[in-house]
Amino acid sequence: MSKWEIVPVDVGTLTVDKSEFTYMRNCGVQMYVPNIVWFVTDGERQLIVDTGAPDPEFSTKYHFPFTRSSEQEPEVALRSKGCDPSKVEAVITTHLHWDHVYNNHLFENAQFYVQGRELRYAIDPLPIHMKAYESMAIGMSPSFITDTKYNILHGDKQLTEGIFLFTTPGHTPGSMSVAVETAKGTYVIASDTVPLFENWNWPTAHMPHLPNGIHWDLEEYFQSFKRIEEIADFVLPGHDPLVFNYSKYPPEDNAS
Ligand SMILES: [Zn+2]
């Protein structure tokens, strides 16, 4: 039986318009959402899924209002959850949007993984997506070019026993999700493909899942929802404060 557990680590708070996450809905509704780094461990091995946003000053200047307390500093927050960044063996980058790719210098001994399709698009995105990728076309220096040497994936990958990386394009061309086998079923870390629990549990009979407001291709997006349905027993969304109702997944019995 797999002993993998997933610990969501809160590394800051973004202020967003809810329509960013709920396609064509909730314009003008302000929402505070967490910036999450996912720590995955079996008690010995340590993996990370996504590495969070840059510092609040930079994030707020170029993107959305962003706060980060001293406890939410990525290294402090990770160590408080039992993660030793120098012992992390793999960092999985679900996609290359700015709030998922910083702080990689903490993981000096890790192998980094991203989809090739994502990297290609991130280098030359459409104008509507240039800010999210901190494109050189608008005079920025994207950290995925300057800071990190990636292992480039072309499709699904069984990273190790119990950890399956699979492509879920839609939010971006090369988005991927991470299936983690646990003692209580398969959890899928869906990142921004499913930003909030309500995206996954959308109450419309013909459309049980709602895409992110920020998206690349809706046809691929709905195919990706089907893939997640097939693989997941439980889905962990990318920016939902309710994720922190539990300190880890699977939750301990009687935990809250
Ligand atoms: Zn994103």
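**Exercise 1.** State in which sense strands β5 and β6 pair, and over how many bridges.

*Solution.* Strand β5 (residues 90–92) and β6 pair in the parallel sense over 3 bridges. Two strands count as paired if DSSP finds at least two bridges between them. Strands are DSSP runs (E, at least two residues) and helices are DSSP runs (H or I, at least four), numbered from the N terminus. Next, look at one position: Ile-92 stands opposite Tyr-113 in β6.

The model is predicted, so local features need pLDDT of at least 70, side-chain atom pairs count only at pLDDT 80 or more, and totals for chains, interfaces and linings use all residues. Residues are numbered from 1 along each chain as its sequence is written, and side-chain values use heavy atoms, with hydrogens and water left out.

**Exercise 2.** Find the pairing of β6 with β7, and say how covered β6 is.

*Solution.* Strand β7 (residues 150–153) pairs with β6 in the parallel sense, over 4 bridges. There, Val-114 has Ile-152 of β7 as its bridge partner. Of the 5 residues in β6 (residues 111–115), 4 are buried, where buried means under 20% relative accessible area (1.4 Å probe, protein chains only).

**Exercise 3.** Give the strand order of the sheet and explain which strands lack a neighbour on one side.

*Solution.* The order is β4-β1-β2-β3-β5-β6-β7, in an open sheet of 7 strands with mixed pairing. β4 (66–67) and β7 stand at the edges; each has a single partner strand, so one side of each is left without a neighbour in the sheet. For an antiparallel pair, take strand β2 (residues 30–41) and strand β3 (residues 46–49), joined over 4 bridges. Val-40 has Leu-47 in β3 as its bridge partner.

Notes: Buried means under 20% relative accessible area, exposed over 50%, partly exposed in between (1.4 Å probe, protein chains only).
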